[in-house]
Amino acid sequence: MFKRFIRAIKSLFGGVVSSMEDPKLILEQNIRDLNDQIPQMNENIATVKANMIMLQKEVKKYEKRIESLTAKIKSAINADRDDIAEGYALQLENARENLSSSKEQLKFAEQAYEKALKVKKAFIREKDRKIEEAKEALRASERAEWQGKVADALEQFETGGLDQTHDEMVNRLNEETAKNEARMELALDSVDTEAMEIEANAEKLRASELVKQFKSEMGKTDVADKEKSVGSSAEEKEGRKIEMDEEPVEKEQDKTIGNKERSKS
């Protein structure tokens with residue numbers, strides 16, 4: 001049974017896929033197969049362990065039987081019953097032979113069990129490595145597939161004439177924009193904007209005069225207007241004072257000139 005177990009492990013690791021199927025499907029199937037091997041391996045190891053436990057029990061049974069037969073033989077000899085002792089002696093010899101055979105089988109069973117545990121440990125380590133390797137290969141395949149789709153899209157984009165169409169449409173829009181801007185400049189140049197501004201300012205002044213007229217009729221004047229009127233009146237008074245101060249000087253000058261003229265005569 002243990003040999004069949006070893007052959008199954010060898011066939012698992014040494015199998016070569018010769019079919020022309022999809023590698024992704026094969027790797028996915030391999031992952032499932034590797035995981036499915038664990039329950040079968042545990043069952044085989046359990047069988048090997050059960051055989052070892054059974055042999056251990058047989059060894060203990062024969063050891064107790066030998067102890068019992070040895071005690072009976074001694075009792076028969078002490079009782080001077082050599083005939084009974086002889087019968088027990090034959091049974092004792094048979095028990096010893098069975099014990100020796102069971103011990104030998106138990107030795108191989110224990111070795112088989114230890115080897116099965118080592119094989120399982122190695123199998124699980126190799127299984128995990130292969131599964132991780134397969135998953136990485138599948139991820140790389142997915143990335144390559146996506147990159148292939150992108151490459152196909154780019155190739156179709158270039159070969160489909162979209163680049164040329166795109167550039168042509170952009171150029172046409174730029175030309176239309178330039179034409180409309182030129183038309184707008186020509187239209188603005190043809191309009192007398194200065195006359196329009198003068199008319200707008202005249203309308204504004206006229207509106208301001210109308211508002212002032214309404215305020216004057218209503219007896220309301222702006223503070224700025226009052227300040228302007230007060231300032232103008234003060235300036236007028238100041239001018240009059242300066243003129244009054246200058247008149248005597250002019251008169252005195254006239255008098256001196258007249259006196260000089262009379263003295264000369």
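**Notebook: a walk through an all-helix model**

I started with the charged pairs, and my tally of salt bridges came to nine. A reminder to myself before going on: this is a predicted model.

**Entry 1: the overall layout**

I looked up the secondary structure next and found six helices and zero strands in the protein chain. Read from the N terminus, the order of elements is α-α-α-α-α-α. I then asked how much of the chain is buried: of its 265 residues, 14% fall in that class. The accessible surface of the protein chain adds up to about 21700 Å², and carbon and sulfur atoms hold 53% of that area.

I also checked how far along the sequence the contacts reach. Taking contacts between residues at least 6 apart in sequence, I found that 80% join residues at least 24 apart.

**Entry 2: a pair distant in sequence**

For one example of distance in sequence against distance in space, I picked N30 and I131. They are 101 residues apart in sequence, and their C-alpha atoms are 8.1 Å apart. N30 sits in helix α2. Is it buried or exposed, or something between? N30 counts as partly exposed, because its relative accessibility is 31%.

**Entry 3: the salt bridges of helix α3**

Back to the charges, with a general thought first: side chains of opposite charge can pair when their charged atoms come close.

I began with E126 and R129. They form a salt bridge whose closest N and O atoms are 2.5 Å apart. Both residues belong to helix α3, three residues apart, which is about one turn of the helix. E126 is partly exposed because its relative accessibility is 22%, not under the 20% that would make a residue buried. R129 is partly exposed as well, at a relative accessible area of 42%.

Which other partner does R129 have? I found E133, in a salt bridge with the closest N and O atoms 3.4 Å apart. E133 and R129 are four residues apart in helix α3, again about one turn. With 47% relative accessibility, E133 counts as partly exposed, so it stays below the exposed class, which needs over 50%.

Then I turned to E136 and R139. Their salt bridge has its closest N and O atoms at 2.8 Å. Partly exposed is the label for E136, at 36% relative accessibility, and also for R139, at 34%. Both lie in helix α3, three residues apart, about one turn of the helix. I also traced which salt bridges share partners: E126, R129, K130 and E133 are joined in this way into one network.

**Entry 4: a buried serine**

I wanted a look at a covered spot and chose S102 in helix α3. Why does S102 count as buried? Its relative accessibility is 4%, and the class takes anything under 20%, so S102 qualifies. Leaving out residues up to four places away in sequence, S102 touches L55, E58, V59 and Y62.

Y62 came up again when I looked at charges over rings. K61 lies over the face of Y62, at 5.0 Å from the ring centre. While on rings, I searched for aromatic pairs and found zero in the structure.

**Entry 5: a loop residue with positive phi**

I checked backbone angles and stopped at D80. This residue is not a glycine, yet it has a positive phi of about 55°. Where is D80 placed? I found D80 in the loop between α2 (23–78) and α3 (82–159). D80 counts as exposed because its relative accessibility is 66%, and the class needs over 50%.

**Entry 6: a nonpolar patch on the surface**

Last, I looked for nonpolar side chains at the surface. Which residues make the nonpolar surface patch of about 330 Å²? They are L210, F214 and M218. I followed M218 further and found M218 in the loop between α5 (193–217) and α6 (223–264). At 54% relative accessibility, M218 is exposed.

Conventions:
Residues numbered from 1 in each chain as written. Predicted model: local features only at pLDDT ≥ 70, side-chain atom pairs only at ≥ 80, totals over all residues. Heavy atoms only, no water. Helix = DSSP H or I, 4+ residues; strand = E, 2+ residues; numbered from the N terminus. Buried < 20%, exposed > 50% of the residue type's maximum accessible area, 1.4 Å probe, protein only. Salt bridge = Lys/Arg side-chain N within 4 Å of Asp/Glu carboxyl O. Patch = residues over 30% accessible without salt bridge, like charges linked within 9 Å, V, L, I, M, F, W, Y side chains within 5 Å. Areas by Shrake-Rupley, 256 points an atom, 1.4 Å probe, with all protein chains shown as cover. Contact = heavy atoms within 4.5 Å. Phe/Tyr/Trp six-rings, centres within 6.5 Å; stacked < 30°, edge-to-face > 60°. Lys NZ or Arg CZ within 6 Å of the ring centre and 35° of its normal.
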